[in-house]
Amino acid sequence: MNALETVERLKQRFPNEPEYIQAVSQVLGTIEDEYNRHPEFEQANLIDRLCIPDRIISFRVTWVDDKGKVQTNMGYRVQHNNAIGPYKGGIRFHASVTPSVLKFLAFEQTFKNALTTLPMGGAKGGSDFNPHGKSDAEVMRFCQAFMNELYRHIGPDEDVPAGDIGVGGREVGYMFGQYKKLTHQFVGVLTGKGLQFGGSLIRPEATGYGNVYFLESMLQTRGIELKGKRVLVSGSGNVAQYTVEKLIELGAVPVTLSDSDGYIYDPDGIDADKLAFVMELKNEKRGRIKEYAEKYGVKYVAGARPWGEKADIALPSATQDEIEEADARSLVANGVIAVSEGANMPSTPEAIEIFQQAKLLYAPGKAANAGGVAVSGLEMSQNSERLSWTREQVDERLKMIMSDIHQNCVKYGTQPDGYINYVRGANVAGFLKVAKAMMAQGIV
Ligand code: NDP
């Protein structure tokens, strides 16, 4: 397999899918050597079968807004690969959702889920529905209309969706309710559910906490302490909020947060009280991060991202391609020692190149943010057992899983000069597990 030629071929087959091509080319470049050590992979054309999703379901979602106007959106589910377990991956509601974005996320999810050590295949879904400014009733009607079509394609042993951008506990609850109404079944078909109806403790916290656990493991490889370090966090949703919570608990100093309108910089650090304000602002009032700056009298920069501020660590936790080449240059120039991705593919290929050349500790999302789906996997186990584990039990499992992922990255990613290439480590470890399972199951 020649990675460049394969990417070129995929580009011609899927010409309007830049995010998908970006994700595939990043992975293929790092697994090429390993793949070519196994001639049986090439004979089974494993590469096409791994890059092209098993199936893509697309449908129209029709719903009625509060003014009685009939609205339409697109809905999708990309079921990428189920070689090691049922399809599993989040649902994203955002105006920027396209088949290309979901194909990139489902492709990444397949390797990420393999890394968690749990039996989960990879999928992703969503809609171009924009939840901003919608009432609760509108969000409910939309979720119900979305599920009216999706329910045919999912199930606890078939495909188990979860949340992602624009889909939190409220949306998962509405979708679960509609699934139950349509099928008459109370089963673990979605994760991220409320605690009263089968949700797992620590699931809301898992992605942010897991990223900070992974960051600690990376810092330990260089004997560096997290305590006292100043940290740039982007986003202000689920992942960003619990990243900040864990950073505060461990004595680090988070200094930024953002949303799609701009970022805030708080030189004194975001403390527990200020975080409580952010959680209420974002999760209850559904307001803008600008209001933090107004309340605490700190700097707000409209239309920009926080990467120009001085700090020790960066944890991008908003969306894809939010760290571009110039941002990466300024992070390196400002002396950042580690970048660990809470979001999926937040760094462009050019930015990653800069981090790796500067020998920064750099962890790709598929390793660093795998804690979210890992605890989703634990939610599935609890649902199958019809039991709920304690907060401590789940947190302990999460810590172990993040540590195992880190070890796997070290195993497959350590270069002769001692630098740990976490991108290579994560890609090779995830790929080998899926590839071996596919080979064992024949040409299907
Ligand atoms: P939320 O919807 O809770 O929060 C997303 C945050 O990012 C919001 O602050 C949002 O701002 C901001 N944002 C979204 N799109 C853009 C954009 N195009 N430009 C600038 N800011 C943007 O989502 P999550 O916190 O759940 O997800 C964040 C990232 O983490 C995503 O990449 C997701 O795929 C990834 N992830 C999430 C997991 C989870 O468990 N939730 C698991 C693993 C990865 P605004 O409010 O203005 O839209």
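Which helices each supply at least two residues of the lining of the second largest pocket? Select helix H1 (3-13), helix H2 (18-36) and helix H13 (349-357), since these are the elements to colour for that lining, where helices (H or I, at least four residues) and strands (E, at least two) are DSSP runs numbered from the N terminus.

Before going further, note that this is a predicted model, in which local features need pLDDT of at least 70 and side-chain atom pairs count only at pLDDT 80 or more, while totals for chains, interfaces and linings use all residues. Residues are numbered from 1 along each chain as its sequence is written, and side-chain values use heavy atoms, with hydrogens and water left out.

**The second largest pocket**

Stay with the pocket and show its lining of 15 residues, of which Ser 25, Gln 26, Gly 29, Thr 30 and Glu 353 lie nearest its centre. H13 contributes the largest share of that lining, 5 residues, and the space in the pocket comes to about 400 Å³. On a 1 Å grid over the protein atoms alone, a pocket is an open set of points with protein on both sides within 12 Å along at least five of seven lines, a cavity is a set of points where a 1.4 Å probe fits but cannot get out, and lining residues have an atom within 4 Å of a point. Grid points are joined across faces, edges and corners, and a volume is the space filled by probe spheres set on the points.

**The cavity**

Next, select Gln 26, Glu 108, Glu 341, Met 345, Ser 347, Ile 352, Tyr 362, Pro 364, Gly 365, Lys 366, Val 423 and Asn 427, which line the largest cavity. Helix H14 (365-368) and helix H17 (422-440) are the elements that give two or more residues to this lining. The cavity holds about 110 Å³ of space, and the count of cavities of 30 Å³ or more comes to 1.

Within that lining, centre on Met 345, in the loop between strand S12 (338-340) and helix H13 (349-357). Its phi is near 50°, a positive value in a residue other than glycine, and Met 345 is buried at 5% relative accessibility; buried means under 20% relative accessible area, exposed over 50%, and partly exposed in between (1.4 Å probe, protein chains only). Arg 286 also has a positive phi, near 55°, and lies in the loop between helix H10 (272-284) and helix H11 (290-296), where it is partly exposed with a relative accessible area of 43%.

**Two domains and the core between them**

Now colour domain 1 (53-186) and domain 2 (206-368), whose bounds come from an automatic or database domain assignment. Their centres, taken over C-alpha atoms, are separated by 27 Å, and 13 residues of domain 1 are in contact (heavy atoms within 4.5 Å) with 11 residues of domain 2.

Then show the largest nonpolar core, which has 55 residues, with Phe 214, Leu 257 and Ile 405 making the most contacts inside it. Such a core is a set of buried Ala, Val, Leu, Ile, Met, Phe, Trp, Tyr and Cys residues joined through side-chain atoms within 4.5 Å. Helix H8 (residues 203-220) gives the most to this core, with 8 residues. Both domain 1 and domain 2 give residues to this core, so it lies between them. Apart from this core lies another, of 39 residues, among them Tyr 20, Ile 31, Val 434 and Ala 437.

**Around Ile 405 and Ala 370**

Centre on Ile 405, which touches Leu 115, Thr 116, Phe 214, Ala 367 and Ala 370, not counting residues up to four places away in sequence. Move from there to Ala 370, in the loop between H14 and helix H15 (371-385), which is buried at 0% relative accessibility. With the same sequence neighbours left out, Ala 370 touches Lys 112, Thr 116, Gly 365, Met 402 and Ile 405. A distance drawn between the C-alpha atoms of Ala 370 and Leu 115, 255 residues apart along the chain, should read 7.9 Å.

**The cysteines**

Finally, why does the structure hold 0 disulfides? The sulfur of Cys 51 is 20 Å from the closest cysteine sulfur, in Cys 409, which is too far for a bond, a disulfide being a pair of cysteine sulfur atoms within 2.5 Å. Cys 51 is buried with a relative accessible area of 1%, and Cys 409 is buried with 0%.
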